[in-house]
Amino acid sequence: MRTTRRPIQVVSTWVRRQPPKVKAFLAVITGMAALVLLRAIVHDHDNLFVAAEAVHSIGISVLIYKLMKEKTCAGLSLKSQELTAMFLAVRLYCSFVMEYDIHTLLDLATLATTLWVIYMIRFNLRSSYMEDKDNFLIYYVVIPCAALALLIHPSTSHLFINRVFWAFCVYLEAVSVLPQLRVMQNTKIVEPFTAHYVFALGVARFLSCAHWVLQVLDSRGHLLVALGHGLWPSMVLISEIVQTFILADFCYYYVKSVFGGQLVMRLPSGVV
């Protein structure tokens, strides 16, 4: 007797069998469809940025729950948390001196919880930290991001150092999740709370990217002019798109695992 396969399993099997070019095309089409849907149902697109920060905070809350309930930080990347704290601290500084608003308060809350997670991993739960798996060298991203910020930054009327800091936090945010992906790549098995956290990051990145893309579309390109001239406006959009696609593959396997009823994610070779 043949077992009935769920629609998500049928679609997943079909997608997995497609060549890379077809998968890339499907990913682009799916992203465009999601943007069209968001544009239709969300009238104030600034709410997307707030939603992105809120989802990021939810992801951090999941981490806090994991650390407090399970008393282990296994599978978490301390280096990703440190990069996250770094770009949040820089962005918080820029927000205070350049554009104090609701985003400042959200960043402050997220930074506080991220610092608490770092403290727990470094001290209280150090024995369960998988240091050998968390082997991504963060200066591989910090130094290039700093160099790029010196070369390409906003051309606004703010102080030069503040404009460089602003660019630095944009670039660093785009790649801050790479150490966490390296840990998952090394272990190949992702326990539920870590998977929920990384998926929340993926959703937050997509909402942030959607916010910028829809803002540019609504302003008919005038937003890019308002951001300054030169390469900076394009780099903002590229950074948002890069950080979305970095997590796209993981999010696909997360959704597949959830619909498949799997509590623990097992990542195939080549993912993340």
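**Chatting about helix H7 and its surroundings**

Author: Twelve of the 16 residues of H7 are buried (under 20% relative accessible area, 1.4 Å probe, protein chains only), so H7 is largely enclosed by the rest of the structure. This is a predicted model, where local features need pLDDT of at least 70, side-chain atom pairs count only at pLDDT 80 or more, and totals for chains, interfaces and linings use all residues. Residues are numbered from 1 along each chain as its sequence is written, and side-chain values use heavy atoms, leaving out hydrogens and water.

Reader: OK, what counts as a helix here?

Author: A DSSP run of H or I with at least four residues, numbered from the N terminus.

Reader: And how far does H7 reach from its first C-alpha to its last?

Author: H7 reaches 23 Å, close to the 22 Å expected at 1.5 Å a residue; the expected span is 1.5 Å times one less than the number of residues.

Reader: Cool. Which residues of H7 are buried?

Author: Among them are Asn162, Arg163, Phe168 and Tyr171.

Reader: New topic: is Leu159 buried or exposed?

Author: Leu159 is exposed, with a relative accessible area of 58%; exposed means over 50%. Leu159 is in the loop between helix H6 (139-151) and H7.

Reader: What about Thr72, buried or exposed?

Author: Thr72 counts as buried, at 18% relative accessibility. Thr72 is found in the loop between helix H3 (46-70) and helix H4 (78-98).

Reader: Which residues does Thr72 touch?

Author: Not counting residues up to four places away in sequence, Thr72 touches Lys66, Leu67, Leu125 and Ser128, where contact means heavy atoms within 4.5 Å.

Methods: Helices (H or I, at least four residues) and strands (E, at least two) are DSSP runs, numbered from the N terminus.
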